[in-house]
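Welcome, and please take a look at the protein shown here. The tour below starts with the whole chain and then visits some of its side chains.

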Amino acid sequence: MDGNTNESPLTEEPEPLITAADIRTRYTTGERRFANVNLEDSPNFAGAHLDGAIFDGTWLHSSNFRGSSLRGASFRGCNLKCSDFRDADLTDAVFAASLESSEFDGACLDGSSFAGSSFYGYVLTGDELPP
């Protein structure tokens, strides 16, 4: 600014909102990194194949991953409250996330890590799995 009070500082445009369908399309073209994306509310990934996807830092509250394949996926720093992972393949997935009211019934958790994840004020450590 040159002292002119009519000028306003530059502001960054917010990242455009993307949908679960956008993520699926980008995944099929080879993209795996979806960290810190501006994702729609309550995205539906039911039955999706997203092995190795990196969602670190992404807001995934109320997501539906039911029956999805998420082998080796990363969810560090995510808000996964109220998300549905029932019957999903989470083999070797890494979570360090907020998991309040998330469902994991029937999910394959072989090799998954939940160290650093929390729910209702409890922080999981080591080899602990969500209840």
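A residue is called buried when its relative accessible area is under 20%, exposed when that area is over 50%, and partly exposed in between, using a 1.4 Å probe and protein chains only as cover. By that yardstick, 40% of the 131 residues of the protein count as buried. This is a predicted model, in which local features need pLDDT of at least 70 and side-chain atom pairs count only at pLDDT 80 or more, while totals for chains, interfaces and linings use all residues. Residues are numbered from 1 along each chain as its sequence is written, and side-chain values use heavy atoms, leaving out hydrogens and water.

## The overall picture

The protein has one helix and four strands, and reading along the sequence gives the pattern α-β-β-β-β. Helices (H or I, at least four residues) and strands (E, at least two) are DSSP runs, numbered from the N terminus. About 7200 Å² of the protein is exposed, with carbon and sulfur atoms supplying 49% of this area; accessible areas come from the Shrake-Rupley method with a 1.4 Å probe, and for residues only the protein chains shown count as cover.

How much do residues 24 or more positions apart contribute to the contacts with a separation of 6 or more? They account for 4% of those contacts, where contact means heavy atoms within 4.5 Å.

## Charged partners

Side chains of opposite charge can pair when their charged atoms come close. A salt bridge is a side-chain nitrogen of Lys or Arg within 4 Å of a carboxyl oxygen of Asp or Glu. How many salt bridges does a search of the whole structure find? The search finds five, including the three in this table.

| Arginine | Aspartate | Closest N to O distance |
|---|---|---|
| Arginine 66 | Aspartate 87 | 3.9 Å |
| Arginine 71 | Aspartate 89 | 2.9 Å |
| Arginine 86 | Aspartate 84 | 2.7 Å |

Aspartate 87 and arginine 66 meet in a salt bridge that links distant parts of the chain: aspartate 87 is in the loop between β1 (74-79) and β2 (94-98), and arginine 66 is in the loop between α1 (20-28) and β1, 21 residues apart. Aspartate 87 counts as partly exposed because its relative accessibility is 45%, and arginine 66 is also partly exposed, at 36%.

Arginine 71 pairs with aspartate 89 in another salt bridge. This pair, too, links distant parts of the chain, with arginine 71 in the loop between α1 and β1 and aspartate 89 in the loop between β1 and β2, 18 residues apart. Arginine 71 has a relative accessible area of 40%, so it is partly exposed.

Is aspartate 84 buried or exposed? Aspartate 84 is buried, because its relative accessibility is 10%, whereas its partner arginine 86 is partly exposed, at 22%. A network of salt bridges links Asp84, Arg86 and Glu103.

## Aromatic rings

A pair of aromatic rings is described by the distance of the centres and the angle of the planes. Rings of Phe, Tyr and Trp (its six-membered ring) pair if their centres lie within 6.5 Å; planes under 30 degrees apart count as stacked, over 60 as edge-to-face and the rest as tilted. The structure holds 14 such pairs. One of them joins phenylalanine 104 and phenylalanine 114, whose centres are 5.6 Å apart and whose planes are at 90 degrees, so the pair is edge-to-face. Both phenylalanine 104 and phenylalanine 114 lie in the loop between β2 and β3 (118-119), 10 residues apart. Phenylalanine 104 is buried, with a relative accessible area of 9%, and phenylalanine 114 is buried as well, at 0%.

Ring pairs also build a cluster from Phe34, Phe45, Phe55, Phe65, Phe75, Phe85, Phe95, Phe104 and Phe114.

## Three serines

Most residues other than glycine have a negative phi, and most peptide bonds are trans. Serine 42, in the loop between α1 and β1, has a positive phi of about 50 degrees. Serine 101, found in the loop between β2 and β3, also has a positive phi, near 60 degrees.

Serine 69 lies in the loop between α1 and β1 and counts as buried, at 17% relative accessibility. The side chains of serine 69 and aspartate 51 are joined by a polar contact of 2.6 Å. A polar contact is a pair of N or O atoms within 3.5 Å; within protein, one must be able to donate a hydrogen and the other to accept it, and residues adjacent in sequence count only if both atoms are side-chain atoms.
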